Amino acid sequence: MNKRIIDNKKDTNLKSFFFQWEWLLVLIFIVINIINANLSPYYLNFNTIIDATMTFLDKAFIVLPMAFILVLGDIDISVGSTVALSSVIMAVLYNMGLPMPIAMLVCLAVGALCGFLNGFILVKFKELSAVIVTLSTMIIYRGIAYIILENQASGNFPKWYTYLGWGYVGKIPFILIVFIIFAIIFGLLLHKTTFGRKVFAMGNNITASKFSGVKIDKMKIIIFTLTGLMSAVTAIFLASRMGSTRPNVATGYELDVIAMAVLGGISSAGGKGRMIGAVISIFLIGFLRYGLGLINIPAQILLIIIGLLLIFAVMIPNLKKTFGRGLRTNVSK
Amino acid sequence: MKRILNLFLVLTLIFALTGCGGKDNSSEGNKDGKGKYAIIVKNAGNPYNEKEMEGFEKAIKEIGGDAILKAPDQPTAEAQIQMIEELIAQKVDCIAIAGNDPDALQPALQKAMNAGIKVLSLDSAVNSDSRMIHVNQADPERIGRVQIEAISEMTGGKGQIAVLSATSQATNQNTWIEWMKKELEKSEYKDIELVKVAYGDDLRDKSVSEMEALLKSYPQLNGIISPTTVGIAAAGKVITDKGLTDRIQLTGLGLPSEMAEYIESGVCKWMYLWNPIDVGYLAGYTAEALVTGKITGAEGDSFEAGTLGDKSVITVGEGTEVMLGDPYKFDADNIAEWKEIY
């Protein structure tokens, strides 16, 4: 797994190119779609499939910056709470008379601030792990949301706002287009810029990258702020889909988001991964859920299937290593 | 070669995984022109919801249609929105839903109605723009008032009481609580103080901890009303475990099978409920009446609801409803027979 990231030259041979994790994901993706189409006569329908993306793309926005955080070797489990807090503040401000576009800007600002706080605490108190810091802020952010709305719903958004979560451009959902644009931006940022290279350097060896002049504190704060910002983007789309918001929205999103990124081949150990993998796995999990939903599989069984797929996915690199070694010994005999 | 074998292994496993899930699906592909009726309840693993689904399925079988039963793993509107999308794609004829949120499902349910699908809510209503009709278990006013009468009788008409509800957005619970508050305004209850409405979100562990928190915050508490089957069972357990029987009175709405031990032990002297199987059953026949055009959901319509007899549509608030009847009282005398039923 290491070689494809750290040293690009070795990747040029065709065999290793096709044995990349991302290709396996594409294969699984295709297989899942074939299975879905076989199981349900309603699956293979352009409108249906495109519509299905609306049901899972809201949380997908967080997967993009989460990939950066995982590459750093950190984790952020406060994202679901950030979604709740920023959307609650947006709804309350709107209902207090603030124009919706401004309320949305405030929502983005709140998200970014939440993320900034995570990053700030992390770089100021280096002995604390990201799990602990974001676990605390996860509770704090949701707690503030509950204080503001007291377990009530708030909504009555303007009509045009519904368009964000439910509207189409031609036959393509608006949210899908926005997501693709964001995915391309984040993909380029991670793989084609100095910023992205620094992220990988930090994930592989933070001390070394510090001594080679990477401003690691600044980098961390930027990435965590970005994650908060994208959580707020999710908040905007989610509130639009729901038509209202509550302090308990987006519960469990952090797990979905991390699962999507990890299935995409982005190791939580840091330094490894590609944005394309994460993006493929967003659609993979999304369509799997949707397909199984179409044949009305009970929710609990669906969770087990996704859990199994995830365990299997994270096991594959190890399996490959084991089998790969076996292959070599055979050859040497 | 091994690698290819490896890959093959992966794929077969995934095939097996998703394939075995598909087998136990019986409602697919046996269309007989009688239509497909779907029900979405609040969440899976909730016995009350399961009884509703059972009644719905029974009605749909009598009609000769296909019943699709859906329950999300968490009691959230997000999960229900996704299920509505799945049902729209399956081109069902009718969706009956016990809403986790009155307003949040509106865009999804409107999309369903635009696609020609009949939409009704049961048990926990969605707002009147999101549905054609609501199937109500019992008169919400009577449910609310009856529970205050009960707790007043149990506590001797004085002291602090609290309500342990489901989620703060559950429409039915909120309506009952409103009626409880109205009932409390009567002068005969001047010595009863409602100190808090707590929300256990219909999750067992959360209901238990909310109940414990109530006992800690209000040491003088005399009575608990829990108008939800998960909440009342959790409250019964906490009272039993802490040895507070007789000091704290408990009533509310609960499933006889789950509450039998607490009613028999005197933790809860009596409680109320209707028959959730009947609620689901009535929803099934209401669905058929909508799909076949016997009713449109307008006031004054009436239809034959299987063994429940004739039902008519009335206006409540901004929408129309079909009512099942009065709440039923379960006490030590009749619990033994009812606990076997549901």
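**Close-up views of chains A and B**

**View 1. Chain A as a whole.** Of the 333 residues in chain A, 55% count as buried. Everything shown here and in the views below belongs to a predicted model. The secondary structure of chain A comes to 15 helices and four strands. Looking at contacts in chain A between residues at least 6 apart in sequence, you will find that 78% of them join residues at least 24 apart. On the outside, chain A exposes about 14300 Å², and carbon and sulfur atoms supply 70% of that area.

**View 2. A nonpolar patch on the surface of chain A.** Here we meet four side chains: Leu113(A), Phe116(A), Leu117(A) and Phe120(A) form a nonpolar patch on the surface. Together these residues have about 340 Å² of accessible area. Phe120(A) is a handy residue to start from, and it is found in helix H6 of chain A, which covers residues 100-124. Is Phe120(A) buried, partly exposed or exposed? Its relative accessibility is 35%, so Phe120(A) counts as partly exposed.

**View 3. Cysteines without a partner.** If you are setting up bonds for this model, how many disulfides does a search of the whole structure find? The count is zero over all chains. Cys114(A) illustrates this: the nearest cysteine sulfur belongs to Cys107(A) and is 9.7 Å away, whereas a disulfide needs the two sulfur atoms within 2.5 Å. Cys114(A) is buried, with a relative accessible area of 4%. Over in chain B, Cys94(B) is buried too, at a relative accessible area of 0%.

**View 4. Ala250(A), a loop residue with positive phi.** Which backbone angle deserves a look at Ala250(A)? Its phi is near 60 degrees, a positive value in a residue other than glycine. Ala250(A) sits in the loop between strand S4 (244-245) and helix H13 (253-263) of chain A. With a relative accessibility of 0%, Ala250(A) counts as buried.

**View 5. Asp123(B), a loop residue of chain B with positive phi.** Asp123(B) is not a glycine, yet its phi is positive, at about 65 degrees. Where does Asp123(B) lie? Look in the loop that runs between strand S4 (118-122) and strand S5 (133-138) of chain B. Asp123(B) has a relative accessibility of 3% and therefore counts as buried.

**View 6. The two domains of chain B.** Chain B is divided into domain 1, made of 31-137 + 276-325, and domain 2, made of 140-273. The contact between them takes 16 residues from domain 1 of chain B and 16 residues from domain 2 of chain B. Taken over C-alpha atoms, the centres of these two domains are separated by 28 Å.

**View 7. Ile151(B) and its neighbours.** Ile151(B) lies in helix H5 of chain B, residues 140-155. Its relative accessibility is 0%, so Ile151(B) counts as buried. Which residues does Ile151(B) touch, not counting those up to four places away in sequence? They are Ile161(B), Gly223(B), Ile224(B), Ile225(B), Gln249(B) and Thr251(B). For a sense of scale, try a distance to Ser257(B): Ile151(B) and Ser257(B) are 106 residues apart in sequence and 22 Å apart in space, C-alpha to C-alpha.

Conventions:
Residues are numbered from 1 along each chain as its sequence is written. Chains are lettered from A and ligands numbered from 1 in the order in which they are written. This is a predicted model: local features need pLDDT of at least 70, side-chain atom pairs count only at pLDDT 80 or more; totals for chains, interfaces and linings use all residues. Side-chain values use heavy atoms; hydrogens and water are left out. Buried means under 20% relative accessible area, exposed over 50%, partly exposed in between (1.4 Å probe, protein chains only). Helices (H or I, at least four residues) and strands (E, at least two) are DSSP runs, numbered from the N terminus. Contact means heavy atoms within 4.5 Å. Accessible areas come from the Shrake-Rupley method with a 1.4 Å probe; for residues, only the protein chains shown count as cover. Patches are made of residues with over 30% relative accessible area and no salt bridge: like charges are joined within 9 Å, nonpolar side chains (Val, Leu, Ile, Met, Phe, Trp, Tyr) within 5 Å. Domain bounds come from an automatic or database domain assignment.
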